[in-house]
Amino acid sequence: MRYIGIIPARYASTRFPAKPLAMLGGKMVIQRVFEQVSGVLDEVYVATDDERIEAAVKSFGGNVVMTSTNHKSGTDRCYEAYTKVGAGYDVVVNIQGDEPFIQRSQLESIKNCFSDESTQIATLVKPYTESDGIEALENVNSPKVVVDNRMNAIYFSRSVIPFLRGVDKADWLKRQTYYKHIGLYSYRAEVLKEITRLPQSALEMTESLEQLRWIENGYKIKVGISDVETIGIDTPEDLERAEEFLKTKLK
């Protein structure tokens, strides 16, 4: 199996414009993401629609491919990039451009999902712990996942699923294993082509979660488990938290 990593990176962002070029510990966020995944996958490219990001990636010696400005999702951008640079690769790994602390173990976990020949799409989850607390579990910006006994995703939701009827919320994390979705995806190349042609689905629009489109159309999403906590950067405040996290790691 040959794996190519694609890192979609947009300049425009409502909550954090120019996020990929923001500095984190003396390096750009996009550079940290690229360096974290290089060496784990067979090849890695940043996919962007902005010349400033293209120039930045070239400045640190990274691979970059220009893509259309019209894509509505990172998956669509990922597929265009694959058609331009991915010939000969079996699996495409879609890496979030705002996850500078992604770990080798997480990439290996998602690669291992494809040891099952039936795997079409794979993603990762992290079990919530009691120390996370109910507020983290109820955070709508942190989607939850329910899986079947073969570790295929049944459903993703911004709500807390499953709902523990008759149990006080304070005890939910003691009584049930909840899974936090980690937004790392990988797809067999032919499946990636298929899902980018699907129209938006009702569930996807309801929850604003793209992966529900795939489930609603009958695709199976294999789920790998990670115990690594990462910090995604959606806002300037997240960048400040990431700086503190980086300082802790470097001590």
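## Two buried helix residues in a predicted chain

Q106 has a relative accessible area of 2% and therefore counts as buried, the cut-off being under 20%. The model discussed here is predicted. Q106 lies in helix α4, which covers residues 104-112. Its side chain makes a polar contact with the backbone nitrogen of Q103, at 2.9 Å. Beyond its neighbours within four places in sequence, Q106 is in contact with F101, L124, I182, L184, S226, V228 and T230.

A second buried residue, V29, belongs to helix α1, residues 29-37. V29 has 0% relative accessibility and so is classed as buried. When neighbours within four places in sequence are set aside, the contacts of V29 are K19, P20, A22, L24, G97, D98, P100, I233 and L239. The C-alpha atoms of V29 and E99 are 8.1 Å apart in space, although 70 residues separate the two in sequence.

The two residues are set out below.

| Residue | Helix | Relative accessible area |
|---|---|---|
| Q106 | α4 (residues 104-112) | 2% |
| V29 | α1 (residues 29-37) | 0% |

How much of α1 is buried? Seven of the nine residues of α1 are buried, so that the helix is mostly covered. These are V29, I30, Q31, R32, V33, F34 and V37. In an α-helix there are 3.6 residues a turn, so residues three or four places apart point the same way. After α1 comes G39, which has a positive phi near 95 degrees.

The chain as a whole gives the setting for these helices. It contains ten helices and eleven strands. Its C-alpha trace spans about 55 × 45 × 30 Å along the principal axes. The radius of gyration is 18 Å, which agrees with the value near 18 Å expected for a compact globule because the chain has 251 residues. Of these 251 residues, 51% count as buried.

Contacts that are distant in sequence are frequent in the chain: among those between residues at least 6 apart, 68% join residues at least 24 apart. The chain exposes about 12300 Å², and carbon and sulfur atoms supply 46% of that area. Regarding charge, the chain carries 32 positive and 36 negative charges, and the mean positions of the two groups are 1 Å apart.

Key
Residues numbered from 1 in each chain as written. Predicted model: local features only at pLDDT ≥ 70, side-chain atom pairs only at ≥ 80, totals over all residues. Heavy atoms only, no water. Helix = DSSP H or I, 4+ residues; strand = E, 2+ residues; numbered from the N terminus. Rg over C-alpha atoms; globule rule 2.2 N^0.38 Å. Buried < 20%, exposed > 50% of the residue type's maximum accessible area, 1.4 Å probe, protein only. Contact = heavy atoms within 4.5 Å. Areas by Shrake-Rupley, 256 points an atom, 1.4 Å probe, with all protein chains shown as cover. Lys, Arg positive; Asp, Glu negative; His and termini not counted. Charge placed at Lys NZ, Arg CZ, Asp CG, Glu CD. Polar contact = N/O pair within 3.5 Å; in protein donor to acceptor, adjacent residues only side chain to side chain.
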